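Here is a quick tour for anyone meeting this structure for the first time. Have a look at the sequence and the model, then read on.

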Amino acid sequence: MNQRGVTYLEKKVAGQVKSSFPLSSLTTLGVGGIAEVCVWPSCVRDLVTLSSLKEECPVRIIGGGSNLIIHDGIIGGVVVCTKYLSSFSVIRETDKALITVEAGVPLAQLVNFGLKYGFAGLEFAVGIPGTLGGALIGNAGAQGEAISDLLQWVEVVDEHHQIRRLDKNDISWGYRYSQFKELHYTIASCCLIMEAVPLTIIRARTDEFLKMRSAQPHGYKSAGCIFKNPEGTSAGKLLDQCGCKGLKVGGAVVSEAHANFILNTGDATATDVLALIEKCRKIAFEETGYLLELEVQLFSSLE
Ligand code: EPU
């Protein structure tokens, strides 16, 4: 995008616009190149403006940047960071709460809401980083539960740059899958329903999920689980059995705690991470016959 494009965006968009922005700072893995232009929309009208740019240049969206590998080098077009789409409103009824959140709200904020006021449904999400927008696209979940279970409706900017409200059943959902992966929509907000349940029960369920996560690496830069679990088994277990723990390419290493995590030891590049992913996938295929599918999103695939 040239300077004229940047000036146009600065006039049209209420949120912040920055040129030559390092995207590694917006991802939990800490790798990735430089965005030609990065925009932080502050309202749904900004999303409409940014959607209409798709006719001119690539427009890519980053939520919490937690399940994402951004390639190295220059990222052309516009990168949209949803961080400031952060409104959160609640209608409380005796037996449930209807919660309307914008795409940039962290999943953790909803988990904490449930834990504080006694509304259940999101205990499985404790410790899952990322935003509601990203969680919906990947249908984030754990142990057979997923964000789509609580969903009422989603508001999107569609491919014609119109704001539309979709019911949960207008979209297909699966394990780490939503149809949003194929539709060229931008998620603006959604409404979730949580059930009123005694706090002691919610706390106990949350603790169970935290315990399940205790074997995962903490305090490291990572993108969460790299591969989806093949039906009936765990990708981490397979990779561990194949001896992948500790494998390295440049600054990227397979976690010793959980083999489905790749860690950035400090100076990893996206090229290192992607090479390590391919190495693990090849080893797993040769030794077990399973061709592991990526769970993480690659930015380049959205071009
Ligand atoms: N295991 C090993 N070695 C390893 C990793 C796991 O032997 O290196 C074994 C474990 O001991 C356990 C089994 O494999 O017997 C399953 O492991 P775990 O409980 O860690 O679950 P997972 O199937 O590897 C899934 C999700 C995680 C989620 C956990 C806990 C996927 C791809 N992964 O992991 O989600 O946190 O269950 O609920 O579905 C993510 O989405 O980024 C993610 C990490």
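Let's start with a term: two strands count as a pair if DSSP finds at least two bridges between them. One more thing before we go on: what you see is a predicted model.

**A small sheet**

With that in hand, take strand 18 (residues 252–254) and strand 19 (residues 261–264), which pair in the antiparallel sense over three bridges. Within this stretch, V254 stands opposite I262, a residue of strand 19. In general, the strands of a sheet pair through backbone hydrogen bonds, in either a parallel or an antiparallel way.

Strands 18 and 19 belong to an open sheet of four strands, and its order reads 16-19-18-17, with antiparallel pairing. Which strands sit at the edges? They are strand 16 and strand 17 (248–249), each of which pairs on one side only.

**Around the ligand**

Strand 16 (221–225) turns up again at the ligand: strand 16 and helix 6 (235–241) each supply at least two residues of the surrounding shell. Helix 6 gives the most to that shell, with three residues. Altogether, 19 residues surround the ligand, and the closest are Y175, Q216, C225, N229 and A259. Sorted by class, the shell has six nonpolar, seven polar and six charged residues.

Some side chains bring a polar atom up to an oxygen atom of the ligand. Here are three such contacts:

| Side chain | Partner | Distance |
|---|---|---|
| Q143, N or O atom | oxygen atom of the ligand | 2.9 Å |
| N229, polar atom | oxygen atom of the ligand | 2.7 Å |
| H258, polar atom | oxygen atom of the ligand | 2.8 Å |

How much of the ligand does the protein cover? On its own the ligand has 820 Å² of accessible area, and the protein covers 75% of that. Note that N229 appears both in the table and among the closest residues of the shell.

**A cavity inside**

Now for a different spot. How many cavities of 30 Å³ or more does a search of the whole structure find? The search finds one. The largest cavity has a volume of about 40 Å³. Its lining is made up of L110, V111, G114, L115, F119, L122, E123, M194, I202 and T206.

Which helix gives the most to this lining? That would be helix 3, with four residues. Helix 3 (107–117) and helix 5 (199–213) each supply at least two residues of the lining. By class, the lining has seven nonpolar, two polar and one charged residues.

Notes. Residues numbered from 1 in each chain as written. Predicted model: local features only at pLDDT ≥ 70, side-chain atom pairs only at ≥ 80, totals over all residues. Heavy atoms only, no water. Near = heavy atom within 4 Å. Polar contact = N/O pair within 3.5 Å; in protein donor to acceptor, adjacent residues only side chain to side chain. Areas by Shrake-Rupley, 256 points an atom, 1.4 Å probe, with all protein chains shown as cover. Nonpolar A, V, L, I, M, F, W, Y, C, P; charged D, E, K, R; others polar. 1 Å grid on protein atoms, 1.4 Å probe; cavity = no way out; pocket = protein on both sides within 12 Å on 5 of 7 lines; lining within 4 Å. Points joined across faces, edges and corners; volume = space filled by probe spheres on them.
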